[in-house]
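User: I'd like to go over one helix and what sits around it. Here is the model.

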Amino acid sequence: MFYSLPNKKRVRKMKQSENEIKAAIMKYLEANGYSVYRINNSGVAICGKGNKAGDKVRYAFHGKKGFPDLVAIKKGKNVVFVETKATGKNPSPEQAAFLEVAGSCPNTIAIWADNFDKFHYEFLTKTKGVYL
C-alpha cells in the first residue's frame, strides 16, 4: 500500500493495528496539550435465553453508530475527533457522515486515519500548525 505526500513522493505505509494507531495519536495529542478521551463504542456479549453454557451469544451495541474513537480537547482552542482504522481499512458510512458534519463546525477538526503519518499530515494541514 502506498500514499502520496504533497511533493508527490510515494511512501509505503507501515502496517499498524488500530490500537497501535490510537495509542500513537493519543500520545501525540497529549504531548501537545490536549485532553484525550478514548470512546469504547462496541458491542457487548450477552448470553442467550438463560445465560447458560451453550446458549447462543448475541451482542448489544452501546453508543451511537458512527461516533469516533478519540475526542481531544484543548482548552480555549478546539476539539478534535479522530476515527482510527487498521492500515488499509476505511471508515463506515456512519463514521464518514459523522466526521463530515463535525468537521463543518467552527474550531472542530475531524480526521480519520489508517496510520499515524496520515493523521499527522491531516492534523497539521487542518490546523496549519496553529493548535500546537
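User: How far apart are the end C-alpha atoms of helix α1, and why is that distance expected?
Analyst: They are 20 Å apart, which agrees with the 20 Å that the 14 residues of α1 (residues 18-31) should span at 1.5 Å a residue. The expected span is 1.5 Å times one less than the number of residues. Helices here are DSSP runs of H or I of at least four residues, and strands are runs of E of at least two, numbered from the N terminus. This is a predicted model, where local features need pLDDT of at least 70, side-chain atom pairs count only at pLDDT 80 or more, and totals for chains, interfaces and linings use all residues. Residues are numbered from 1 along each chain as its sequence is written, and side-chain values use heavy atoms, leaving out hydrogens and water.

User: Which residues of α1 are buried?
Analyst: I21, K22, I25, M26, Y28 and L29. Buried means under 20% relative accessible area, exposed over 50%, and partly exposed in between (1.4 Å probe, protein chains only).

User: Why do they line one face?
Analyst: Down the axis of α1, the buried residues fall within an arc of 165 degrees, so they line one face of the helix. The arc is taken from the directions from the helix axis to the C-beta atoms.

User: And which are exposed on the other side?
Analyst: K27 and A31.

User: Switching topic, at what angle do α1 and α3 pack?
Analyst: About 35 degrees, with the axes 9 Å apart. Axes are lines fitted to C-alpha atoms, for helices over the stretch in contact, and angles run from 0 to 180 degrees between N-to-C directions.

User: Which residues of α1 make that contact?
Analyst: I21, A24, I25, Y28 and L29 of α1, against F116, F119, H120, F123 and L124 of α3. Contact means heavy atoms within 4.5 Å.
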